[in-house]
Each structure stands twice: as structure tokens, then as C-alpha cells.
2 protein chains.
Amino acid sequence: MKKNSSKPAAQFAYEGLDRVIHERARLSVLTSLMTHPNGLRFVELKQLCALTDGNLARHLQVLDEDKMVHITKEDDRGRAQTTVRITASGRKRYMEYLTILEQVVRDAASVVQGNKEGTLPRKLAPLNAS
Amino acid sequence: MKKNSSKPAAQFAYEGLDRVIHERARLSVLTSLMTHPNGLRFVELKQLCALTDGNLARHLQVLDEDKMVHITKEDDRGRAQTTVRITASGRKRYMEYLTILEQVVRDAASVVQGNKEGTLPRKLAPLNAS
């Protein structure tokens with residue numbers, strides 16, 4: 001608020017970490033769908049994410065309500081087949097989220113590497129000027 | 001089930017995404033503390049993470065109960081001064097978490113690169129070089 005420099009004060013707030021995506025099961029579902037742009041069947045998704053039927057259904061509902069996934073039910077020789085695809089807006093939001101996630105990894109990695117060499121990166125100067 | 005290669009079935013489950021750390025405010029707090037190994041005062045932490053007093057206090061309590069942070073209260077010329085540091089076990093857990101987070105970024109980046117050039121690094125530096 002008061003202190004003005006080139007860095008924003010809330011350097012580690014990560015406000016772009018979209019809560020809909022950040023939840024672990026949904027992050028798992030969305031990453032699966034990102035890596036399978038042609039869509040995944042319910043059973044495949046369940047397996048890739050190690051989720052139960054109920055859990056996956058619940059999270060897909062959240063993502064569907066948020067228009068991040070598109071769910072189709074088709075009849076496959078008398079059996080209902082559910083296929084899930086990520087939508088264009090879902091993809092866009094996921095990529096924005098990813099940019100922030102990447103920043104977290106970079107922020108932390110810069111220190112982890114700095115410690116190994118016994119120095120801290122310059123940008124991590126103390127906050128209190130006094 | 002059917003489609004299997006050398007990859008485990010639950011490829012995108014990310015079970016190592018420690019729920020205590022993954023919560024956005026706590027991820028923010030812990031990353032701040034990782035980058036300030038000498039500790040941060042409550043007010044500094046609050047500012048870096050853009051949290052309210054109540055929110056920060058609540059999340060610090062969770063982290064303290066989990067022995068991830070060490071909180072000291074000192075008297076500074078008549079005013080109580082709270083300082084927070086990450087513990088050795090907190091640091092260890094954070095680094096394990098980071099390894100998984102890095103995997104998420106890599107999994108997604110492998111796909112994104114096909115669509116959008118050069119926004120994500122091909123590979124982030126390894127964090128777990130013990």
C-alpha cells in the first residue's frame with residue numbers, strides 16, 4: 001500500500017491461483033484433459049486421477065457449471081458412454097493458472113538453488129528497510 | 001485399464017500434493033518463509049501474502065500444529081513482536097511438495113508447448129538433488 005518499489009508488496013500472494021483449478025482432484029482432472037485434447041471417457045479419467053466414481057462426478061459437475069469441461073453421453077452398443085473434454089475457456093483458464101503455478105515453482109526453486117550455493121538471490125532482500 | 005505403457009495408471013493423481021501446503025494461503029505463507037530463511041515478522045508476512053490478521057493467524061496455527069513453522073513472540077521496546085520461521089521438517093515437506101508441483105507444470109507444459117510457443121520452460125531445474 002505505502003511502500004512503492006518495482007515489486008508489488010504482496011509478492012507471494014499468488015492471487016491468480018484460481019480456486020476452482022487449484023483443488024487437487026480438479027487439478028488432476030484438468031491436467032488429464034489438457035494432455036488428452038480429444039477427450040477421455042469417464043472410466044479412463046477416474047483411473048488417471050485415482051478418484052472414485054462419486055468424487056469424479058462431483059468435481060466434473062463443478063467444472064461443468066464453470067464451463068471448463070464439456071460432457072457428452074453417447075450410447076455405445078446399448079451402454080451409456082460418458083466422454084469429457086476440456087473447453088476452450090477451460091484451456092485458457094488452465095493456462096493462466098499454470099503461469100502462476102510456474103511462478104511459485106520459480107520463486108521456491110530460486111531459493112533452493114541459492115541455498116545450495118550458499119547465497120540468496122538478490123531479489124529476496126529483506127522487507128524492512130530499517 | 002487397457003491403455004497402458006511404462007506409466008503408472010494413476011498418472012495424474014498427484015498424490016504427493018500435500019493438502020496442508022497446497023491450500024493457497026498456506027502455499028503463499030510457506031513460499032514467503034522459504035525465501036526468508038531468517039524468518040519474517042507477522043506484519044511482513046501479512047503484507048507479502050496479502051492476508052488479513054485473522055486469516056494469517058488461522059493458517060499459522062495450522063502450520064504450527066503440523067510443526068512446519070516456529071513462532072516466537074518477543075518484547076520489542078514494550079511491544080510484542082511475532083516472528084515466524086519455517087522449520088527443518090517444514091522445509092523438507094515443502095520441497096517434497098514442490099517436486100510434485102514441478103511435475104504438474106511439466107505434464108501440462110509438454111502439451112502447451114505444442115500449442116503456444118516458448119511460454120514455459122522445457123524443464124525446470126531439479127529441486128531434489130540431495
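Which residue in S3(B) is the bridge partner of B:Leu40? In this predicted model, the partner is B:Val84, and that pairing is a useful place from which to start reading the sheet of chain B. B:Leu40 and B:Val84 belong to two strands, S1(B) and S3(B), the latter covering residues 79–86, which run antiparallel and are joined by 2 bridges.

Taken as a whole, the sheet in chain B is an open one of 3 strands, and its order is S1-S3-S2, with the pairing antiparallel. Strand S1 (40–41) and strand S2 (69–76) of chain B each have a single partner strand and stand at the edges, so each of them has one side that is left without a neighbour in the sheet. A helix also belongs in this picture: H4 of chain B, made of residues 53–65, lies across S2 and S3 of that chain, and its direction makes an angle of about 120° with S2(B).

The other chain can be read along its sequence. Chain A has 5 helices and 3 strands, and these follow one another in the pattern α-α-β-α-α-β-β-α. Of the 130 residues in chain A, 28% are buried. When the contacts in chain A with a separation of 6 or more are considered, 49% of them are accounted for by residues that are 24 or more positions apart.

How, then, do the chains meet? The contact takes 36 residues from chain A and 38 residues from chain B. On the side of chain B that touches chain A, at least two residues are supplied by each of helix H1 (19–22), helix H2 (24–34), helix H3 (42–49) and helix H5 (88–115) of chain B. Among these helices, H5(B) gives the most to that side, with 10 residues. Sorted by character, the residues on the side of chain B that touches chain A divide into 24 nonpolar, 8 polar and 6 charged.

The last step is to ask how the copies are placed relative to each other. In general, two copies of a chain are related by a rotation about an axis together with a shift along that axis. Here, chain B is superposed on chain A by a rotation of 180° with 0.0 Å of shift along its axis, and the RMSD is 0.1 Å. That is the relation of a two-fold axis. The interface can be compared in the two chains as well: 87% of the interface residues of chain B are also interface residues in chain A, so the copies meet through the same surface.

Methods:
Residues numbered from 1 in each chain as written. Chains lettered and ligands numbered in written order. Predicted model: local features only at pLDDT ≥ 70, side-chain atom pairs only at ≥ 80, totals over all residues. Pairing = 2+ DSSP bridges. Helix = DSSP H or I, 4+ residues; strand = E, 2+ residues; numbered from the N terminus. Contact = placed C-beta atoms within 7 Å. Axes fitted to C-alpha atoms, helices over the stretch in contact; angles between N-to-C directions. Nonpolar A, V, L, I, M, F, W, Y, C, P; charged D, E, K, R; others polar. Buried ≥ 20, exposed ≤ 12 C-beta atoms within 10 Å, placed from the backbone. Least-squares fit on C-alpha atoms with pLDDT ≥ 70 in both.
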